[in-house]
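I opened the entry to look up a few local features. My notes follow the order in which I checked them.

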Amino acid sequence: MTESHAAEKPSAAAPQHRQQAQEQISPPLKWASGLDWPRLLHGFLIALCCLWIVGYFFPPINHDTAVLLYIAKVWLGGGKLYVDAIDMNTPLVFVLHLLPELLSKLTGLQGATLLGACLGRGIAASFIACRRVLSGSLDPDHATSDALLPLLLLFLLIVYPNNAFGQREHIMLVLAMPYLLIASGRAQGEVLSFRLRLLSGLAAGLGFAMKPYFIGIPALVECYVLVRTARRESLRSALNDPAPWAMLAIGVAHALFAVFVTPEYFSIALPIAAEFYSEVSNWSWIDLALNQHVGPPTFALPFLGILAWFVLRSDLARVIWLAGIGGLISAYAQGKGWPYQVLPAQVFTLLLAGVIIAHVMDHQIWPRHIRGRQQDTIAGQNPKSAPRLFAAVLMVLVFYQESLHARPFFKQQEYAASEMPTLLHILKQEAYNGRVLVLSPGIYPHFPLLNYADMRMTMRFESMWVLQGAYAGCDEFAPLYNPPEAMTRAEAFVFRSVAEDFYKKKPSLLIVDKVAGIPRCQGDTFDYLEYFMRNPLFAKRFEDYDLFMDFDRYMIYKRRQHPHKPAG
């Protein structure tokens, strides 16, 4: 062997010298070298998602959720739904919110706290069901999907909703997520138990039946499953599946319940909604497409759909894409652009992106770089280490992006410095008979204040949104207030019922919002107190009230207590 060849031959001692040199620079931590760091990081993120739910128990709860709990409590206390408390939500929404209020009556705990506990149990059950379906349907080689998708699901059900936690859309996602994964398995021809398919259909039926706007999600998914099953087996086999029939049964039962138990939903709530609800914050399709909440899934879903249908050709990806399109249709149909209304479309978009990323990693990256050299995998011989580490790092980025998009628990953090504690103190000190009338265009902050104070609103509406709809526009030479004889049936009902209830129920406090939320007309500003003072009953009862204080944007009037008459 020549001298030049000897120089080219690598020395056997070279790796040892390099290792010794490296140890001198950075001595290894022996206690840490034996740990399975990818598994620990992955487990830490799961624990973080589970602990995240604790933050939702701090006040204040979501104002829409507070209204639903309040009306459910009125109903549970003997009030008549859509008569003593009028709201546009379907009866099923209040049926579902009866559970925490019933538990509140039995335990003495607040309904808001028990709703969070019920949702926590529901999320745990939904996650466990999804995890079982994924572990049974995914190929053992799909290590990234197995590591990423359950973690992403937990994030989407707990962390991502943020201030929309407990909203109807969020409850629907919790109830329907196992159904969607099972639907992809049904489309693929997997052997799933009759009981599992039936229970998933029943739970999803409860979620989808809460709002008619949700119907597009199961309609699109079931059409796809029907076509896939009929092509692979037969139409009869597809029609024998219990899941769609279970959802249909829930929908029919809900309709029958509304007709026979709460007929006022059709005679009172829907006519008011048809006349005024569409006038409140009504956006055009173009405005919605450019909205910061609706816009991202509007433009992302078509691109992801191309990948799902023509590149991946995965039933799971296709089903989630169809659910996303159904959620997007729901957001556009409601026409408001409110964040919680587009929550399903956003969640399904993120879930679909996760499915696509996991599919690419499992079918393109790991087969080339890891499966053939498992002896070199990260942190030992465990072939799942690299996918787990990838999933953990990706989810850290997802957490980071979400923190940039929306500050977590921002309302809970600002609660102590907000007007709510002061208003709550005023209610508890001054509302001696437990009855209050709030004339305001919004439902925050008096909801959840009335929930926390355990008090009743004397009027049948949670806010003045009906008047916002009645006075959404201002015609040329139109009066600031419609005369009673010129009012529509719905406005006349509000004008009469608010005054009658104010006169009969004699609330301790009358709180008037100085910001009416109604456009100026002929240069004049709408004033709720001035509007209702035109009613003789309202004006007569108002003689018993004095201005108590002017706080923030509210004028607070207190009813005088006569010395020889009982309070109330």
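Which residues make the nonpolar surface patch of about 1,100 Å²? I noted first that this is a predicted model. The patch is made by Leu226, Leu235, Leu239, Trp245, Leu248, Val252, Leu256, Val259, Phe260, Val261, Phe266 and Leu270. I then looked up the elements behind these residues: α12 (235-239), α13 (242-260) and α14 (264-276) each give two or more. Helix α13 has the largest share, with six residues. Leu235 I placed in helix α12.

Next I went to helix α11, residues 216-232. I found 17 residues and a reach of 25 Å from the first C-alpha to the last, close to the 24 Å expected at 1.5 Å a residue. I listed its buried residues as Gly216, Ile217, Pro218, Val221, Glu222, Tyr224, Val225 and Thr229. One of these, Glu222, came up again in the next search, as part of a network of salt bridges.

Salt bridges were the next search. The count came to 18. I picked out three pairs.

The first pair is Glu169 and Lys211, whose side chains meet at 2.7 Å, N to O. I placed Glu169 in helix α9 (residues 168-188) and Lys211 in the loop between α10 (194-209) and α11, 42 residues apart. Both Glu169 and Lys211 are buried.

The second pair is Arg186 and Asp241, with an N to O distance of 2.8 Å in their salt bridge. Arg186 lies in helix α9 and Asp241 in the loop between α12 and α13, so this pair ties together parts that are 55 residues apart in sequence. I checked burial next. Arg186 has a relative accessible area of 6% and is therefore buried. Asp241 has 8% relative accessibility, so I entered Asp241 as buried too.

The third pair has Asp241 again, now with Arg197, and their salt bridge is 3.5 Å, N to O. Arg197 is in helix α10 and Asp241 in the loop between α12 and α13, so the pair ties together parts 44 residues apart in sequence. I recorded Arg197 as buried because its relative accessible area is 19%, and the cut-off for buried is under 20%.

Which residues are linked with Asp241 in a network of salt bridges? I wrote down Arg186, Arg197 and Glu222.

I turned to two loop residues after that.

Tyr56 is in the loop between α4 (37-52) and α5 (63-76). Why did I enter Tyr56 as buried? Its relative accessible area is 9%, and buried means under 20%. Not counting residues up to four places away in sequence, I found Tyr56 touching Ile158, Val159, Pro161, Asn162, Phe165, Phe409 and Gln412. For one of these, Ile158, I looked up the C-alpha separation from Tyr56: 9.5 Å, with their positions 102 residues apart along the chain. For Asn162, I noted that its backbone nitrogen lies 3.3 Å from a polar atom of the Tyr56 side chain.

Asn535 was the last residue I looked up. I found Asn535 in the loop between α25 (528-532) and α26 (536-542). Asn535 has a relative accessible area of 10% and so is buried. Leaving aside neighbours within four places in sequence, I listed Phe495, Arg496 and Ala499 as the contacts of Asn535.

Methods. Residues numbered from 1 in each chain as written. Predicted model: local features only at pLDDT ≥ 70, side-chain atom pairs only at ≥ 80, totals over all residues. Heavy atoms only, no water. Helix = DSSP H or I, 4+ residues; strand = E, 2+ residues; numbered from the N terminus. Expected span 1.5 Å × (residues − 1). Buried < 20%, exposed > 50% of the residue type's maximum accessible area, 1.4 Å probe, protein only. Patch = residues over 30% accessible without salt bridge, like charges linked within 9 Å, V, L, I, M, F, W, Y side chains within 5 Å. Areas by Shrake-Rupley, 256 points an atom, 1.4 Å probe, with all protein chains shown as cover. Salt bridge = Lys/Arg side-chain N within 4 Å of Asp/Glu carboxyl O. Contact = heavy atoms within 4.5 Å. Polar contact = N/O pair within 3.5 Å; in protein donor to acceptor, adjacent residues only side chain to side chain.
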